[in-house]
Amino acid sequence: MVRNRRPSKQMLILLEALSVRRQEWRHGYDLMRETGLLSGTLYPLLMRMTDQGLVEAEWREPAQPGRPARHAYRLTAAGFALAHAVANDSGDLAPRVSLA
């Protein structure tokens, strides 16, 4: 059974951040700084959103030698559609998602 429920406040914040530059790959640390979400909230949320097909993730080689590889994330078309739908929701709980 599929549940259609409103995204959490944390997901709305993350959707907003990823929507601003939706074609760019973003690192988790940068998303933490931008959104204010803690790692214990952000990374499980990114994993769930990846499993749901809203976010794609890939390993990125380090920009500087000697640094570890890191995951990078960006919205999929389905993720952007959700962000757009939530942004256009005119209910009382309308999020701050902006689609620049």
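## A loop residue, a helix and a core

Thr76 sits in the loop that joins β3 (70–75) to α4 (77–87). The structure described here is a predicted model. Thr76 has a relative accessible area of 17%, and the limit for a buried residue is under 20%, so Thr76 counts as buried.

Leaving aside residues up to four places away in sequence, Thr76 touches Gly53, Leu54, Val55 and Glu56. With Gly53 there is also a polar approach: a polar atom of the Thr76 side chain lies 2.6 Å from the backbone oxygen of Gly53. Gly53 itself comes just after α3 and takes a positive phi of about 80°.

### Helix α3

Helix α3 covers residues 39–51, which makes 13 residues. From its first C-alpha to its last, α3 reaches 18 Å, close to the 18 Å expected at 1.5 Å a residue.

Which residues of α3 are buried? They are Leu42, Leu45, Leu46 and Met49. Seen down the axis of α3, these buried residues fall within an arc of 105°, so they line one face of the helix. On the other side of α3, Gly40, Met47 and Asp51 are exposed. The buried residues of α3 are covered by elements including α1 (9–20), α2, β2 (55–60) and β3.

### The nonpolar core

The largest nonpolar core has 16 residues. Leu14, Leu31, Leu46, Met49 and Val55 are those with the most contacts inside this core. At least two residues of the core come from each of α1, α3 and β3. The element that gives the most is α1, with five residues.

Leu46 and Met49 appear both among the buried residues of α3 and among the core residues with the most contacts. Val55, another of these core residues, is also touched by Thr76.

What does Leu14 touch, not counting residues up to four places away in sequence? Its contacts are Leu31, Leu37, Leu42, Leu45, Leu46 and Met49. Leu42, Leu45, Leu46 and Met49 are the buried residues of α3.

### Salt bridges

A search of the whole structure finds five salt bridges. The table gives the N to O distance for some of them, including these pairs.

| Pair | Closest N to O distance |
|---|---|
| Arg21 and Glu24 | 3.1 Å |
| Arg26 and Glu34 | 2.2 Å |
| Arg33 and Asp30 | 3.8 Å |

The partners in these pairs can be described by how much of each is accessible. In the first row, Glu24 is partly exposed at 40% relative accessibility, and Arg21 is partly exposed at 37%.

In the second row, is Arg26 buried or exposed? Arg26 is buried, because its relative accessible area is 4% and the buried class is anything under 20%. Its partner Glu34 has 42% relative accessibility and counts as partly exposed.

In the third row, Arg33 is exposed at 58% relative accessibility, while Asp30 is partly exposed at 30%. Where do Arg33 and Asp30 lie? Both belong to helix α2 (residues 28–35), and they are three residues apart, about one turn of the helix.

Notes
Residues are numbered from 1 along each chain as its sequence is written. This is a predicted model: local features need pLDDT of at least 70, side-chain atom pairs count only at pLDDT 80 or more; totals for chains, interfaces and linings use all residues. Side-chain values use heavy atoms; hydrogens and water are left out. Helices (H or I, at least four residues) and strands (E, at least two) are DSSP runs, numbered from the N terminus. Buried means under 20% relative accessible area, exposed over 50%, partly exposed in between (1.4 Å probe, protein chains only). A polar contact is a pair of N or O atoms within 3.5 Å; within protein, one must be able to donate a hydrogen and the other to accept it, and residues adjacent in sequence count only if both atoms are side-chain atoms. Contact means heavy atoms within 4.5 Å. A salt bridge is a side-chain nitrogen of Lys or Arg within 4 Å of a carboxyl oxygen of Asp or Glu. The expected span of a helix is 1.5 Å times one less than its number of residues. The arc is that of the directions from the helix axis to the C-beta atoms. A nonpolar core is a set of buried Ala, Val, Leu, Ile, Met, Phe, Trp, Tyr and Cys residues joined through side-chain atoms within 4.5 Å.
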